[in-house]
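Student: I'm new to this one. Can you walk me through it?
Tutor: Sure, here it is.

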Amino acid sequence: MMGAISIAIHVTAAATLIGPQILMFFAVIPATWIIEDDEKLKRAITRVIAARFGMLAGISLVTLLVTGLFQYYTTVPESVRAAPEDYLFGTIFSLKMLMFTILLILIYIHMFRYGRRISALSDQVIAAEEDPFSKRSDEVKELRSELERARQKSFGFSIFILGTSLIILWLGVVLGEPTVAWTKLGL
Ligand code: HEM
């Protein structure tokens, strides 16, 4: 019973991790491209979206980790857990944990490398917009296009995060399928 509840929560968290990523990619970020010449407005909007999206992703990741470990110790048969390497389960589970670690690393890079660079450039563009005499117009133009390129790179990088999340989802589905996961290896 507890196992079933845990799996229900685990799958809900998986949906909450992936659904918003697809919407961000397909609709939300493209919608922000409409705002072209008001960096202050664009920044304010993307800040709310990023903070709330990040909250959903963070809660989902922690929930997946907690329920996933709980499942490992409760719903996985004792015989499989005693020698996971003898079953397909062991291979899939190790791969899933490897991909989960890679996912955390990719998210870290996305936040701290790309996120910080975009914030810094955005600050500079806003400052230039507010005081148009402080910088020459070609300098402001250059800053704007640098910011644009940084945003494009960040958007491109997020494809890897979505791809990794989907691979983990599919590995999870296979883990939950006894006819595959409990198959004994080497027979
Ligand atoms: C450290 C993190 C994680 C651990 C330890 C973990 C562990 C597990 C385990 C042990 C199962 C098998 C449950 C069973 O016996 O049926 C499972 C199933 C599953 N996992 Fe995870 N998982 C983790 C992260 C994730 C993530 C990030 C996703 C999605 C992106 C995910 C999606 C799924 C799905 C869809 C299932 C199938 C549930 C079913 O149909 O029974 N898991 N997970």
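**The core and beyond**

Tutor: The largest nonpolar core has eight residues: Tyr87, Phe89, Ile92, Phe93, Leu103, Ile168, Leu171 and Leu175. Such a core is a set of buried Ala, Val, Leu, Ile, Met, Phe, Trp, Tyr and Cys residues joined through C-beta atoms within 7 Å. Buried is 20 or more other C-beta atoms within 10 Å of the residue's own, with C-beta atoms placed from the backbone.

Student: Which helix gives the largest share of this core?
Tutor: Helix 4, with four residues. Helix 4 (88–130) and helix 5 each supply at least two. Helices are DSSP runs (H or I, at least four residues), numbered from the N terminus.

Student: What kind of model and numbering is this?
Tutor: The model is predicted: local features need pLDDT of at least 70, side-chain atom pairs count only at pLDDT 80 or more, and totals for chains, interfaces and linings use all residues. Residues are numbered from 1 along each chain as its sequence is written.

Student: New topic. How many residues surround the ligand?
Tutor: 21, and the closest are Ala14, Gly68, Thr75, Gly172 and Gly176. A residue counts if its C-beta atom, placed from the backbone, lies within 6 Å of the ligand.

Student: Which helices supply at least two residues of that shell?
Tutor: Helix 1, helix 2 and helix 5 (137–175) each do.

Student: And at what angle do helix 1 and helix 2 cross?
Tutor: Roughly 155 degrees, between helix 1 (residues 2–32) and helix 2 (residues 39–74), and their axes come within 8 Å. Axes are lines fitted to C-alpha atoms over the stretch in contact, with angles from 0 to 180 degrees between N-to-C directions.

Student: Parallel or antiparallel?
Tutor: Helix 1 and helix 2 are therefore roughly antiparallel, a term for angles over 145 degrees.

Key
Parallel < 35°, antiparallel > 145°, perpendicular 65-115°, else oblique. Buried ≥ 20, exposed ≤ 12 C-beta atoms within 10 Å, placed from the backbone.
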